Amino acid sequence: MAASRAVRQAASGSIRAAVVGASRENGMMMTMQQQRGKKTLNFGGSEEIVYERSDYPTAKSQEIFKSDTLCMLGYGSQGRGQALNLRDNGMNVIVGLRKEGSSWKKALADGWVEGKNLFDIETALSKGTVIMYLLSDAAQKIMWPKVKPFLTKGKTLYVAHGFSVVFKEDTGVVPPKDIDVILCAPKGSGTTVRNLFLEGRGINGSIAVFQDVSGKAKERVCALGIAAGCGYLYETTFQKETYSDLYGERGILMGGIQGAFKAQYDVLRANGHSPSEAFNETVEEATQSLYPLIGANGMDWMYANCSTTAQRGALDWYPKFEKALKPVFEELYKEVKNGNECRRSLDVNGRPDYGQILRKELDIIANSEMWKAGQTVRKLRPENQ
């Protein structure tokens, strides 16, 4: 691809230096963040308040929750990542799971001890004062009648996604009026939340307060978000977090990117390009070369550090893609906002045979030529030799 050749020509071997430099810069920024506190920052012309790790050091978070028992319900990607980070930060956290299920076995393998900090769901709920409701959205609807009676006056309901509360007409999740209801949504998978924590870093996250009965909900969600693995936090609302999350994961983060990859790959193959060339020009170069540079330096830097041929082509064609894609994104946001995406998720994901349905859908992707080619390409990476 011209962009790859252009980067090599223009940067003259500086890609590695740019990434390393960016990593060092990020490390320096993290050090600076650890020394900074709450402040108002300018994001492209709009000012927003940001809360950083230095605002809530571990000792402060421990003090804020010294009389609480954090009860984690759910041990999927997000629940596991946050629970382990909280435990490593010295917080009093217990896990409530269906006994002898697959998640129970995973929790035991992670060092949770039955009868000490690992309990069946009802026992954990009876012990918890901060109920961390991190089950899947479909499971939250199913489990709510069992959970709600334990949310007595003065307790706190914590969620990592506002889905169930925002779409209460479909989920039935209506929190009692005499408890705090708070949200911290790390902007990444639970695996990333955990890995960045172990690296001494922290992922960004959004926070929101739905009910503040104690008068301390904002402080508590900030402290809990940092202790759970976030490096900095910005404010939103339950509704905005829910809409943006559903929109993003169906759009450019996952659904849109797979659709774009497949469309470009298929056109290359239809025009006689080999699977290896089509995959390299579509996925491998994007994820291994260009995206890391864009993430580290921005799109303007990427355009400035390529040949004039690649530069001109990108500048000419991105408005065409924007024009073609915007109606799809507008339709997507509408479907999120009107609740159709919520209802579809609850319907399909709540089916008893959802596991089988999911495997079939994933098998179609995994067994497609593009991702089969990807398996071979990934094996050729130097680090995999």
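Which residues does Asn-85 touch, not counting residues up to four places away in sequence? The first legend gives the answer, and every view is drawn from a predicted model.

**Figure 1. Surroundings of Asn-85 in helix α4 of the predicted model.** Asn-85 belongs to helix α4, which spans residues 77–88. With residues up to four places away in sequence left out, Asn-85 touches Val-193, Arg-194, Phe-197, Ala-227, Ala-228 and Gly-229. The relative accessible area of Asn-85 is 0%, so this residue counts as buried. Of the residues touched, Ala-227 is itself buried and belongs to α11. Gly-229, which follows α11, has a positive phi, near 125°.

**Figure 2. Helix α11, residues 217–227.** Nine of the eleven residues in this helix are buried, and α11 is therefore largely enclosed by the rest of the structure. The buried positions are Ala-217, Arg-220, Val-221, Cys-222, Ala-223, Leu-224, Gly-225, Ile-226 and Ala-227. Lys-218, by contrast, is partly exposed, at a relative accessible area of 32%. Lys-218 forms a salt bridge with Glu-235, and the closest N and O atoms of the pair are 3.1 Å apart. This pair links distant parts of the chain, with Lys-218 in α11 and Glu-235 in strand β10 (residues 230–235), 17 residues apart. Glu-235 is also partly exposed, with a relative accessible area of 33%.

**Figure 3. The largest nonpolar core and the contacts of Met-132.** In soluble globular proteins, nonpolar side chains tend to be buried together. The largest nonpolar core of this model comprises 39 residues, and those with the most contacts inside it are Leu-70, Leu-86, Trp-112, Met-132, Tyr-158 and Leu-224. Helix α11 gives the most to this core, contributing seven residues. When neighbours within four places in sequence are left aside, Met-132 is in contact with Leu-70, Cys-71, Met-72, Leu-73, Gln-82, Leu-86, Tyr-158 and Leu-224. A second, separate core has 32 residues and includes Cys-71, Phe-119, Leu-183 and Cys-342.

**Figure 4. Strand β8 and its partner strands β7 and β9.** Strand β8 covers residues 180–186, and seven of its seven residues are buried. In a regular strand the side chains alternate between the two faces of the sheet. Asp-180, Ile-182, Cys-184 and Pro-186 point one way from β8, whereas Val-181, Leu-183 and Ala-185 point the other way; all are buried. Strand β7 (residues 156–159) runs parallel to β8 and is joined to it by four bridges. Within this pairing, Val-181 of β8 is the bridge partner of Leu-157. The pairing of β8 with strand β9 (residues 203–211) is antiparallel and extends over six bridges. There, Val-209 of β9 stands opposite Ile-182.

**Figure 5. The buried side chain of Glu-241.** Glu-241 is located in helix α12, residues 238–250. Although buried, Glu-241 has no salt bridge, and the nearest side chain of opposite charge, that of Lys-187, is 4.1 Å away. The side chain of Glu-241 reaches the backbone nitrogen of Gly-162 at 2.8 Å. Apart from neighbours within four places in sequence, Glu-241 is in contact with Ala-160, His-161, Gly-162, Leu-183, Ala-185, Lys-187, Ser-206 and Thr-236. Two of these residues, Leu-183 and Ala-185, point the same way from β8.

**Figure 6. Salt bridges in helices α4 and α16.** Side chains of opposite charge can pair when their charged atoms come close. The model contains 17 salt bridges. One of them joins Arg-80 to Asp-110, with the closest N and O atoms 2.7 Å apart. This pair links distant parts of the chain, as Arg-80 lies in helix α4 and Asp-110 in the loop between α5 (102–109) and β5 (118–120), 30 residues apart. Arg-80 is partly exposed, with a relative accessible area of 27%. Another salt bridge joins Arg-312 to Asp-316, whose closest N and O atoms are 3.1 Å apart. Because these two residues are four apart in helix α16 (residues 308–337), Arg-312 and Asp-316 are separated by about one helical turn. Arg-312 is partly exposed at 45% relative accessibility, and Asp-316 is partly exposed at 40%. Elsewhere, salt bridges that share partners join Glu-249, Arg-250 and Glu-341 into one network.

Notes. Residues are numbered from 1 along each chain as its sequence is written. This is a predicted model: local features need pLDDT of at least 70, side-chain atom pairs count only at pLDDT 80 or more; totals for chains, interfaces and linings use all residues. Side-chain values use heavy atoms; hydrogens and water are left out. Buried means under 20% relative accessible area, exposed over 50%, partly exposed in between (1.4 Å probe, protein chains only). Lys and Arg count as positive and Asp and Glu as negative; His and the chain ends are not counted. A salt bridge is a side-chain nitrogen of Lys or Arg within 4 Å of a carboxyl oxygen of Asp or Glu. A polar contact is a pair of N or O atoms within 3.5 Å; within protein, one must be able to donate a hydrogen and the other to accept it, and residues adjacent in sequence count only if both atoms are side-chain atoms. Contact means heavy atoms within 4.5 Å. Two strands pair if DSSP finds at least two bridges between them. A nonpolar core is a set of buried Ala, Val, Leu, Ile, Met, Phe, Trp, Tyr and Cys residues joined through side-chain atoms within 4.5 Å.
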